[in-house]
Amino acid sequence: NPRGIGCDKCHGENGEGKLVATYVHKKEKKSFIGPKINELTFAEFSSAINSRIDGMPRYFLTDKEIKALYLYLQEKRAH
């Protein structure tokens, strides 16, 4: 949780993905889902964390912070 950023709010405690919200748009029920991130390669993870994709905010994390988050997810996945 570097600098108060809570990845778990959208991606789940272990990066398994999470339903964030449901809503109605133009009379159609929709879902906003934080995708699974715990099976990404480091290159995919790093690229995604520095891009604005499907509602993903940019956090401007340092390389060290990105690596720490990635390793944390890999450790959680191993258990």
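What follows is a chat about strands, cysteines, a pocket and aromatic rings in a predicted model.

Visitor: Let's start with the strands. How do S1 and S2 pair?
Guide: This is a predicted model, to be clear. Strand S1 covers residues 18-25 and strand S2 covers residues 28-34, and they pair in the antiparallel sense over seven bridges.

Visitor: Which residue is the bridge partner of Thr22?
Guide: That's Ser31, over in S2.

Visitor: And what does Lys26 do in the hairpin?
Guide: Lys26 takes a positive phi near 50°. The hairpin of S1 and S2 has two residues between the strands.

Visitor: Switching topic. How many disulfides are there?
Guide: Zero, after a search of the whole structure. Cys7 is in no disulfide, and the nearest cysteine sulfur to its own belongs to Cys10, 8.9 Å away.

Visitor: Why is there no bond for Cys10?
Guide: Because its closest cysteine sulfur, in Cys7, is 8.9 Å off, and that is too far for a bond. The cut-off for a disulfide is within 2.5 Å.

Visitor: Is Cys7 buried or exposed?
Guide: In between: Cys7 is partly exposed, with a relative accessible area of 25%. Cys10 is partly exposed too, at 30%.

Visitor: OK, pockets. What volume does the largest pocket have?
Guide: About 450 Å³. It is lined by 21 residues, and the closest to its centre are His11, Pro35, Ile37, Ile53 and Met56.

Visitor: Which elements give two or more residues to that lining?
Guide: Helix H1 (8-11), S2 and helix H2 (42-49). By class, the lining has 15 nonpolar, four polar and two charged residues.

Visitor: Now the rings. How many aromatic pairs does the structure hold?
Guide: Two. In one of them, Phe42 and Tyr70 have ring centres 5.2 Å apart and planes at 80°, so that pair is edge-to-face. Phe42 sits in helix H2 and Tyr70 in helix H3 (residues 63-78), so the pair ties together parts 28 residues apart in sequence.

Visitor: Is Tyr70 buried or exposed?
Guide: Buried, with a relative accessible area of 15%. Phe42 counts as partly exposed, at 35% relative accessibility.

Visitor: Why is the pair of Phe45 and Tyr70 tilted?
Guide: Because the planes of Phe45 and Tyr70 are at 55°, with the ring centres 5.6 Å apart; edge-to-face would need over 60 degrees and stacked under 30. This pair also links distant parts of the chain, with Phe45 in helix H2 and Tyr70 in helix H3, 25 residues apart. Phe45 is buried, and so is Tyr70.

Visitor: What do the ring pairs link together?
Guide: They link Phe42, Phe45 and Tyr70 into a cluster.

Definitions and conventions
Residues numbered from 1 in each chain as written. Predicted model: local features only at pLDDT ≥ 70, side-chain atom pairs only at ≥ 80, totals over all residues. Heavy atoms only, no water. Pairing = 2+ DSSP bridges. Helix = DSSP H or I, 4+ residues; strand = E, 2+ residues; numbered from the N terminus. Buried < 20%, exposed > 50% of the residue type's maximum accessible area, 1.4 Å probe, protein only. 1 Å grid on protein atoms, 1.4 Å probe; cavity = no way out; pocket = protein on both sides within 12 Å on 5 of 7 lines; lining within 4 Å. Points joined across faces, edges and corners; volume = space filled by probe spheres on them. Nonpolar A, V, L, I, M, F, W, Y, C, P; charged D, E, K, R; others polar. Phe/Tyr/Trp six-rings, centres within 6.5 Å; stacked < 30°, edge-to-face > 60°.
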